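Thanks for coming. I will go through one model today, starting with its empty spaces and ending with a sheet.

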Amino acid sequence: MLTPEALHDLIAAHESERVELTVSTNDTDKFAQAVCAFANDFPNHRRPGYILIGVDDRKQVSGLTVDDLLLRRLGDLRSNVNIEPLPAITVQKLTLPQGDVAIIEVMPSDLPPVRYKGTIWIRTGPSRRRANRQEERLLIEKRAASASTFDASPCPGSSLRDLTRDLFLVSYLPAAVERAVLEENDRPVEEQMASLRLYDLDGDCPTNAAVLLFGRNPLRWLPGAWIQFVRWAGTTMAADPINEKRFSGDMLTVLRELQAFLSSSTQSRPVARSSLRERSLADYPAVALRELLLNAIMHRTYESNAPVRFSWYDDRIEIQSTGGLYGSVSPENFPRQTDYRNPVLSEALATLGYVNQFGRGVIRAQNALRGNGNPDAEFTFEPHHVLVTIRERQ
């Protein structure tokens, strides 16, 4: 966090490759573009960039009053699905004699290029602008030189032949990249995928994320990339299974099939609210199951051979995913704190509309359960797995 002395130094430096000044308080696009540019760190300072809200171009504090509403709105940039992949962002307020200053600190991303609404933004000197093709290529090379997550790592032995190209070109690419950029894009598909962290140019192969999202047979490389559903005729696994289903294949197909399955398996029925009124409720709300399954799919480790286990008992549902809590997330700060074991995969789910805001899925699921009359979902955190238990509506 900045001290008042450090803030004075930044203001004195005026607008530079690491500082942007503004008196606007509601231009979300401008803030998000600046976040994207600082996260890309095109000059390679390897130091944070700062957006100072409440300071004008003459380096004068404007007399702004920074209230909690503004801080919350700026804080929402940390869950903005249009910024992909999300960098580390902190927001703070400092009060000077001339007025308040809201500060957005943006750390350089380990996974450039970072996009906002499908466009790559960079900062050169005091100006912010769209990256050209060569600049995008340099950002891709910078990412390859740094340590990458498992989903952004190459999948040795795979090739473009192992992917369903139309899923990428028709279903994903138009949603991930701004139309104007696509219209002037004549690059080979490998370079287009590489700019989205889906192809490793050095290894000349797709990344693990690409195999998960578009692979003809992802299980060939990632044996645990499937979901096992079992409906048990009792309250333990000692009972007989009465229905089993396996969800596997490219992730886009798996998610469509899972959505259809949940819709058909969670039929609502009328429940009386009074002698003259009733409402429709299900034993389990589909939206809660959907959010919790998406959470398991996004945050599990795909280095394990075990699937996501979706078990339906007479009195509860359990969802178990491999891999414990990741990064900065702990039992004490869950689900307020978010971190991403699979940032490329999380970005893809946001791009395709399966995620509306990063880090809000569990909160949304709990709200849906309460609204349906179910207890809150219970989370058990173990070193190698996470278990979610959803109890029946009371």
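One definition before the cavities: Ala, Val, Leu, Ile, Met, Phe, Trp, Tyr, Cys and Pro count as nonpolar, Asp, Glu, Lys and Arg as charged, and the others, Gly among them, as polar. Please also keep in mind that this is a predicted model.

By those classes, the lining of the largest cavity comes out at 11 nonpolar, two polar and two charged residues. That cavity encloses about 120 Å³. It has 15 lining residues, and Ala225, Trp226, Met251, Val254 and Tyr302 are the closest to its centre. In total the structure has five cavities of 30 Å³ or more.

The second largest cavity has a volume of about 60 Å³. What lines it? The lining is Leu255, Leu258, Gln259, Leu262, Arg290, Leu293, Leu294 and Tyr354. Two elements, α9 and α10, each give two or more of these residues, and α9 gives the most, with four. By class there are six nonpolar residues, one polar and one charged.

Now the pockets. The largest holds about 790 Å³ of space. Its lining runs to 30 residues, with Leu86, Pro87, Ala88, Thr338 and Tyr340 nearest the centre. Those 30 residues split into 14 nonpolar, nine polar and seven charged. Which helix gives the most to this lining? That is α11, residues 343–351, with three residues.

The second largest pocket has a volume of about 550 Å³. It is lined by 36 residues, and the closest to its centre are Asn295, Met298, His299, Phe334 and Val362. At least two lining residues come from each of α10 (286–299), β16 (316–322), α12 (361–372), β17 (378–381) and β18 (385–391). The largest share is that of α10, at seven residues. Here the classes give 19 nonpolar, 11 polar and six charged residues.

Back to α11 for a moment. Why can we call this helix largely enclosed by the rest of the structure? Because nine of its nine residues are buried, with buried meaning under 20% relative accessible area. They are Pro343, Val344, Leu345, Ser346, Glu347, Ala348, Leu349, Ala350 and Thr351. Their packing partners are β3 (83–84), α5 (165–176), α8 (208–214), α9 (251–265) and α10. Just after the helix, glycine 353 has a positive phi of about 90°.

Last, the sheet. Four strands make up an open sheet with mixed pairing, in the order β1-β2-β5-β4. At the edges are β1 (19–22) and β4 (89–96), each paired on one side only. On average, neighbouring strands are turned by 20° against each other, direction ignored. Between β4 and β5, which spans residues 99–106, the pairing is antiparallel and covers eight bridges. In that pair, threonine 90 stands opposite glutamate 105 of β5.

Two helices go with this sheet. One is α1, residues 4–12, which lies across β1, β2 (49–53), β4 and β5 and runs at about 95° to β4. The other is α3, residues 68–75, which packs on the sheet and touches β2, β4 and β5. The direction of α3 makes about 155° with that of β4.

That is what I have; I can go back to any of the views.

Conventions:
Residues are numbered from 1 along each chain as its sequence is written. This is a predicted model: local features need pLDDT of at least 70, side-chain atom pairs count only at pLDDT 80 or more; totals for chains, interfaces and linings use all residues. Side-chain values use heavy atoms; hydrogens and water are left out. Two strands pair if DSSP finds at least two bridges between them. Axes are lines fitted to C-alpha atoms, for helices over the stretch in contact, and angles run from 0 to 180 degrees between N-to-C directions. Contact means heavy atoms within 4.5 Å. On a 1 Å grid over the protein atoms alone, a cavity is a set of points where a 1.4 Å probe fits but cannot get out, and a pocket is an open set with protein on both sides within 12 Å along at least five of seven lines; lining residues have an atom within 4 Å of a point. Grid points are joined across faces, edges and corners, and a volume is the space filled by probe spheres set on the points. Buried means under 20% relative accessible area, exposed over 50%, partly exposed in between (1.4 Å probe, protein chains only).
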